[in-house]
Amino acid sequence: MIDLEAVAVPGAIGPGDAAPMAVSRSGDRFWLAWRGDSRAIHSFAIDRSRPGAVLLGSFPIEQNICHLSLTDDEKHLLAAGGEDGAVFSLDDDGRVMRSTDRVTAGPMAHCLMVSGHLALATSCRGDLVRRFDFDPENGALTFHDQISMENNSGPRHLAISADRCFAYVLLQEGGKVVTISLGAKMEIVHTLSIIDDNIPAMSGEIALFDEGRSLLVTERNTNRLICLDIDPDTRHPALRTEVTTPDYPRAFFIDLQGQFVTTLGFRGNRAAIHSLTSDGGIVRRLDFATGERPSWVFSVALD
């Protein structure tokens, strides 16, 4: 592991809690939302010739954003935080130009994701998943419907299937992955526990990989990275395997080629890189120290 470069975040004075990031599919651009006193979304380019990151611009915001993601065409950036979901338009270079919409997602809005014209948002303290219709031309969201999760279960993050027929919702305090069918009416069709009932849950991150045939999930209180297989007929997930992670795995990132996953130990101040093998295994390749309280991660190829 070679430390290439540290890039200062403008206005990042004092504590900032977790700083969510999003990265383009090409790996040429990324965005970071600073949650400290001087809140802003910062746009960066990755210069592979050095290699390093170059600040493109900063856009001041009011929200305390805890999640960022991109639309399919990468013309809009989505943010969740507080009780809101927000949409920001991007110029051709990736700079944030303006806010195009802001909607109520619910108490402790924790995730807003778009696939095509479908948008889903989680409310971690409202125990809700809300569905919106997304207009990619003007970056507008229109409320469609909502579905309740178990009381005090904390729907945190989610993943949307490629055909937009299902969503997989990770319950933070519930310690479960909930499968929702996205028909005319949203319905819960399956629930999978990922932690024993006698252990307090604090689940972290969820993402699809292997062309939508599998899910990765982290469980923070038990320091586990869990791989789930998705049944091709029922579309329900089931446990395949799991590995131990650095302490309190808050976030992970699957590289753009789907070969490696980097997992951060928020309390352990360490990270681990595992390879995702063709036979469905997860093999640890590297363990290394990070800065204090690492909160978000992505990886890109430099050649």
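Which residue forms a salt bridge with Arg48, and how far apart are the closest N and O atoms? The legends below take up this question first, and they describe a predicted model.

**View 1. A salt bridge between Arg48 and Asp28.** Arg48 forms a salt bridge with Asp28, and the closest N and O atoms of the pair are 2.3 Å apart. Arg48 sits in the loop between strand 3 and strand 4, whereas Asp28 belongs to the loop between strand 1 and strand 2, so that the pair links distant parts of the chain, 20 residues apart. Arg48 is partly exposed, with a relative accessible area of 27%, and Asp28 is likewise partly exposed, at 29%.

**View 2. The open sheet of 4 strands.** The strands of this open sheet follow the order 1-2-3-4 and pair in the antiparallel sense. Strand 1 (21–23) and strand 4 (52–60) stand at the edges and have a single partner strand each, so one side of each lacks a neighbour in the sheet. On average, and with direction ignored, neighbouring strands of this sheet are turned by 20° against each other. Strand 1 and strand 2 (residues 29–34) are paired over 3 bridges, and Ala22 stands opposite Trp31 in strand 2.

**View 3. A salt bridge between Asp72 and Arg164.** The side chains of these two residues, Asp72 and Arg164, meet at 3.7 Å, N to O. Asp72 lies in the loop between strand 5 and strand 6, and Arg164 in the loop between strand 13 and strand 14, so the salt bridge ties together parts that are 92 residues apart in sequence.

**View 4. A network with Asp93 and Arg95.** Asp93 and Arg95 meet in a salt bridge of 3.0 Å, N to O, and salt bridges that share partners join Asp91, Asp93 and Arg95 into one network.

Conventions:
Residues numbered from 1 in each chain as written. Predicted model: local features only at pLDDT ≥ 70, side-chain atom pairs only at ≥ 80, totals over all residues. Heavy atoms only, no water. Pairing = 2+ DSSP bridges. Helix = DSSP H or I, 4+ residues; strand = E, 2+ residues; numbered from the N terminus. Axes fitted to C-alpha atoms, helices over the stretch in contact; angles between N-to-C directions. Salt bridge = Lys/Arg side-chain N within 4 Å of Asp/Glu carboxyl O. Buried < 20%, exposed > 50% of the residue type's maximum accessible area, 1.4 Å probe, protein only.
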